[in-house]
Amino acid sequence: LLLITVGAIALGRLRTDDADRHLVARAALTAAAGLSLAFSSAQSWVAVAATVLLLGTLAGESTVEHVIRPSLRAWNLPGHPTSPQGRTFEPMLAANSAGLSAIALGLLGLPIPAVAAAVLVFLAAGLAAAGLRLIQVRQHRPERRIREALTSYAPAYYLYFSSTPQASYQLTMWLPYLARTGGRGALVIRDPQFVRTAVELTGIPGILARSVESLEYAFVPSAKACFYVNNDHRNVHGVRFTRLTHVHLGHGDSDKPASYSATFAMFDKVFVSGQAAVDRFAEHGVQIPAEKFVLVGRPQVEAIEVADPDRPAAAQPVVLYAPTWRGGLEDSLFGSLQHGERIVSALLAAGATVWFR
């Protein structure tokens, strides 16, 4: 029974991105405690029945929680009381945990009938709460409450991000400059895995839109623009709201194919560092209307001072060696890192101090 239950849960649920990673551990504890209780009691069939029932609800816990989980969640949003992670109460998690506690109390001397009754009460309460939540979700009540709070907050712009925590640098490089505008902003993310990272990165209100439909509630009338920092395929879900001005910021110019993709044409404005970025599209046969481009320089290097060209060369120069990302495909292997050891060794031999990034 233990092997079948744990195996089914592991294969069916733990492969999903938002699954409860402690589910197998709780199933194993339930089976071990329940069977121990059955072997130590004259009313073993009652203990076994309660254990089997609890294992059954554990096996379906992730499915129930997925069905009743709102597709739109928020954090740091004034007027919307949620936990810092934007999580919602999970009734079956609480019910199953309480049922496991009841079985544990049976091992400490609580009568078996009382244990079984407690398990039934906890599971019934959990299922009732889940049913109520399902009704609310089907009526879009959570989304409506978030939309009301967003409408009151009145963001002027959205920063749209669809990627994993490893790509958070694409987002953080723009946060200080958007903050300088003085306008209220909100972060819209599409990947549940990024919520924890987003909370740690910024204090502005965040919205997790798990579905395309939920975006309908996220974009409120006060917002005039939506900024994008990468070329993720889910950007198309945002640009379909034509009331907004959609601006592609990107996260750096290069000669890689991603910097002259035809998908840029779907944005209203494309902010680029300079004319070379504009010319790159035409050089590769990608036709983007000229009026869409806005040359903004590279704000992230504003603190770098340009040296006086007449200044004598330093006896011991300091050299920054920052090779580009190597790229994930054969046509974007532009990095010099494969030659990095030879480059740095030559600089050191010439008496330079090398900063490597």
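Modeller: Let's begin with a term: two residues are in contact when they have heavy atoms within 4.5 Å of each other. Please keep in mind that this is a predicted model.

Biologist: Happy to. Which residues of α2 meet which residues of α3?

Modeller: From α2, the list is Leu23, Arg26, Ala27, Thr30, Ala31, Gly34, Leu35, Leu37 and Ala38. Their counterparts in α3 are Ser44, Ala47, Val48, Thr51, Leu54, Leu55 and Leu58. By type, the residues of this contact are 11 nonpolar, 4 polar and 1 charged.

Biologist: And how do I read the direction of one helix against the other? At what angle do the axes of α2 and α3 cross?

Modeller: Angles over 145 degrees count as roughly antiparallel. Here the axes of α2 (residues 23–39) and α3 (residues 44–59) come within 8 Å and cross at roughly 170°, so the two helices are roughly antiparallel to each other.

Biologist: On to the sheet. How many strands form it, and in what order?

Modeller: When reading a sheet, follow the order of the strands across it. This open sheet has 8 strands, arranged β1-β4-β3-β2-β5-β6-β7-β8, with mixed pairing. At its edges are β1 (72–75) and β8 (293–295), each of which pairs on one side only. From one strand to the next, the twist averages 25°.

Biologist: Which helix packs on the sheet and touches β1, β3 and β4?

Modeller: That is α7 (residues 141–153), whose direction makes about 45° with that of β1. Another helix to look at is α13 (residues 275–283), which lies across β7 and β8 and runs at about 150° to β8.

Biologist: Let me try individual pairings. In what sense do β2 and β3 pair, parallel or antiparallel?

Modeller: Parallel, over 5 bridges, with Tyr158 partnered by Ala186 in β3. Strand β2 also pairs with β5 in the parallel sense, over 4 bridges, and there Leu159 has Phe227 as its bridge partner. Continuing along the sheet, β5 (residues 225–228) and β6 (residues 245–248) run parallel and are joined by 4 bridges, Ala225 being partnered by Thr245. Next, β6 and β7 pair in the parallel sense over 2 bridges, and His248 has Val270 as its partner. Finally, β7 (residues 269–272) pairs with β8 in the parallel sense over 3 bridges, where Val272 stands opposite Leu295.

Biologist: Is β2 buried or exposed?

Modeller: A residue under 20% relative accessible area counts as buried. In β2 (residues 157–161), 5 of the 5 residues are buried, so the strand is largely enclosed by the rest of the structure. Both faces are covered: Tyr157, Leu159 and Phe161 lie on one side, and Tyr158 and Tyr160 on the other.

Biologist: What about nonpolar cores? Which residues have the most contacts inside the largest one?

Modeller: In soluble globular proteins, nonpolar side chains tend to be buried together. The largest nonpolar core here has 35 residues, and Leu77, Tyr158, Ile207 and Phe219 have the most contacts inside it. Helix α7 gives the most to this core, with 4 residues. Apart from it lies another core of 21 residues, including Met173, Ile189, Phe227 and Val229.

Biologist: One loop residue to finish. Where does Asp191 lie?

Modeller: Asp191 is in the loop between β3 and α10 (195–201). With 11% relative accessibility, Asp191 counts as buried. Beyond its neighbours within four places in sequence, Asp191 is in contact with Ser163, Thr164, Leu208 and Arg234.

How values were computed: Residues numbered from 1 in each chain as written. Predicted model: local features only at pLDDT ≥ 70, side-chain atom pairs only at ≥ 80, totals over all residues. Heavy atoms only, no water. Axes fitted to C-alpha atoms, helices over the stretch in contact; angles between N-to-C directions. Parallel < 35°, antiparallel > 145°, perpendicular 65-115°, else oblique. Nonpolar A, V, L, I, M, F, W, Y, C, P; charged D, E, K, R; others polar. Pairing = 2+ DSSP bridges. Core = buried A, V, L, I, M, F, W, Y, C linked by side-chain atoms within 4.5 Å. Buried < 20%, exposed > 50% of the residue type's maximum accessible area, 1.4 Å probe, protein only.
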